[in-house]
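Me: Hello! I have a chain on my screen that I would like to understand better. Could you walk me through one part of it closely, and then place that part in its surroundings?

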Amino acid sequence: MSASRSETASERGSHLLAALLDGMDAALCAFDADGVVTHWNREAERILGWAPEEAVGRRGLGGWAARAEDADDVQARLMGAMRAAGRQVHEFALLRKDGGRVLVRTQSAGVRGADGRPAGVYCAFSEVHAQIDLERSIALSEALFEDAPWGVVLVDVDLRPAQVNAHAARAFGSGRATLLGRPLGELVVQGVEELEGALQHVLVEGPPRALVELWVTVRTPEGERRRCWRSGFVRLASPLAEEPVPLGVGWLFRDVTEEKLAEQQSDRMRFRASQLHRAGCAAAECEDPMEAAAVHLDFALAGFADHVVLDLMGDDGRLVRAAASPSGGPGPVTRVGGGIPVRYGPGHPALQAVDRAGSVRASASSETWAADRQWPGDAAHSLCAVLRSRGHTLGVLTFLRSPARPAFERPDATYAESVAARVAASVDLAGAKDG
């Protein structure tokens with residue numbers, strides 16, 4: 001009875017071992033101390049074509065799984081692992097059952113019995129090209145996360161970075177370990193909705209066909225920085241699951257901020273040059289020089305500012321409102337009559353422009369900033385350009401932007417000065433005609 005139970009346990013152990021061997025992705029075989037095949041799994045059968053029933057019990061591989069002239073060398077190297085320390089790696093040309101040859105890479109190690117003596121060898125092998133493909137994949141992964149000249153981020157299904165390369169860490173202004181597992185909202189100040197939307201789309205629908213340009217603002221030790229990242233995405237799925245199971249998203253990106261800014265600047269310059277040309281052509285058809293000045297201002301406003309104010313120098317040296325765009329909404333620039341001097345206080349940007357005979361830029365510093373300066377209430381940024389003609393200051397041209405627009409920059413001042421020069425010529429001509 002005890003023997004029966006022992007035999008049953010032994011049989012169960014053999015069945016379990018056979019199931020484990022057959023379920024493995026690697027081809028496995030084993031030899032006893034005399035070189036007789038004791039185990040041969042289904043993956044070995046797939047690669048070489050020999051079924052376990054045909055392989056188990058054979059002595060060595062010669063004459064069936066190895067050519068006769070190669071058999072002794074193959075067997076010697078395989079069985080040499082029985083007494084060597086650690087694993088031994090070799091490459092052999094073995095025979096398929098159909099007569100074809102296949103190059104395999106083997107990893108073999110010795111097996112010791114209960115008494116500690118060498119009892120045999122087990123050997124795992126795979127086709128060399130499959131092994132090379134695996135090694136290439138590993139090498140590519142390591143290279144991407146160490147030396148790639150673009151950002152690489154693996155994002156898990158919860159949209160949190162699971163792995164980040166050095167380039168991406170620098171783009172986020174943080175260390176690689178610091179970024180892992182954190183919500184993207186903690187890393188991206190603005191643009192996180194677009195980024196998470198793109199990642200979620202990849203998880204559900206698959207990657208977009210074209211690259212995506214995302215504008216984001218990230219926190220860095222130097223402060224917040226607005227960047228444009230040209231991004232590509234791939235969905236990651238487990239190769240081991242029967243059904244595709246998403247593991248996350250591979251996100252690759254390159255910083256193209258300078259390139260995009262240069263493109264925008266080029267487009268802006270072309271548009272502004274076109275506006276100056278069109279304004280010149282339209283103003284040339286105006287009989288009234290002040291009407292021509294208003295035409296220049298109408299064309300200058302397009303895409304540049306929300307409001308414009310034209311103040312001219314009066315006989316007493318004070319500025320007088322001459323023309324302005326409607327403060328309640330869009331509309332053409334209209335002339336303002338009355339000749340009453342504007343009540344600009346000391347330090348007003350328009351007066352500073354007159355004193356400097358140059359441009360002055362300013363932005364709101366309080367809720368009453370615009371009203372205190374006699375400008376429309378929604379003004380948040382100003383650019384004052386002085387009107388100069390024949391060596392004299394004729395007035396000041398002021399462009400205003402709402403809070404929704406960015407502050408004026410130096411290239412904007414250059415454009416405003418070009419407009420002011422044309423307006424000044426018209427104003428000078430009007431004064432000459434009046435005189």
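Among contacts in the protein chain between residues at least 6 apart in sequence, what percentage join residues at least 24 apart? And for the close look: which residues line the largest cavity, and is cysteine 29 buried or exposed?

Reply: Happy to help! Please keep in mind that this is a predicted model. To begin with the contacts, 48% of those between residues at least 6 apart in sequence join residues at least 24 apart. The chain has 435 residues, and 39% of them count as buried. Its secondary structure comes to 13 helices and 17 strands.

Now to the cavity. Searching the whole structure for cavities of 30 Å³ or more turns up one, and the volume of the largest cavity is about 60 Å³. Around that space sit Cys29, Trp40, Leu48, Leu61, Leu78, Phe92, Leu94, Thr106, Cys123 and Phe125. Two elements give two or more residues to this lining, namely β3 (88-95) and β5 (118-127). By character, the lining has nine nonpolar residues, one polar residue and no charged ones.

Cysteine 29 makes a good viewpoint for this spot. You will find cysteine 29 in strand β1, which covers residues 27-32. Its relative accessibility is 5%, so cysteine 29 counts as buried, the cut-off being under 20%. Leaving aside residues up to four places away in sequence, cysteine 29 touches His39, Trp40, Val121, Tyr122, Cys123 and Phe125. Of these partners, Trp40, Cys123 and Phe125 also appear in the cavity lining. Serine 108 is 79 residues from cysteine 29 in sequence, yet their C-alpha atoms are 9.5 Å apart in space.

For contrast, look at the largest pocket, which holds about 450 Å³ of space. Its lining is made of 19 residues, and those nearest the centre are Arg268, Arg401, Pro406, Glu409 and Asp412. Here the lining divides into nine nonpolar, four polar and six charged residues, whereas the lining of the largest cavity has no charged residue. Helices α9 (257-283) and α13 (410-434) each supply at least two residues to the pocket, and α9 gives the most, with seven.

From there you can move on to the strands. As a reminder, strands of a sheet pair through backbone hydrogen bonds, either parallel or antiparallel. One open sheet has six strands in the order β14-β13-β12-β17-β16-β15, paired antiparallel. Its edges are β14 (334-335) and β15 (360-363), each pairing on one side only. Inside the sheet, β12 (residues 307-313) runs antiparallel to β17 (residues 392-401), with six bridges joining them. Leucine 310 faces leucine 397 of β17 across that pairing. Helix α11 (residues 349-356) lies across β12, β13 (319-324), β15, β16 (381-389) and β17, at about 35° to β16.

A last stop is strand β9 (residues 212-220), which pairs with two neighbours. Two bridges join β9 to β8 (residues 188-190) in the antiparallel sense, with valine 188 partnered by valine 218. Nine bridges tie β9 to β10 (residues 223-237), also antiparallel. Leucine 214 stands opposite tryptophan 229 of β10, and these two strands form a hairpin with two residues between them.

How values were computed
Residues numbered from 1 in each chain as written. Predicted model: local features only at pLDDT ≥ 70, side-chain atom pairs only at ≥ 80, totals over all residues. Heavy atoms only, no water. 1 Å grid on protein atoms, 1.4 Å probe; cavity = no way out; pocket = protein on both sides within 12 Å on 5 of 7 lines; lining within 4 Å. Points joined across faces, edges and corners; volume = space filled by probe spheres on them. Helix = DSSP H or I, 4+ residues; strand = E, 2+ residues; numbered from the N terminus. Nonpolar A, V, L, I, M, F, W, Y, C, P; charged D, E, K, R; others polar. Pairing = 2+ DSSP bridges. Contact = heavy atoms within 4.5 Å. Axes fitted to C-alpha atoms, helices over the stretch in contact; angles between N-to-C directions. Buried < 20%, exposed > 50% of the residue type's maximum accessible area, 1.4 Å probe, protein only.
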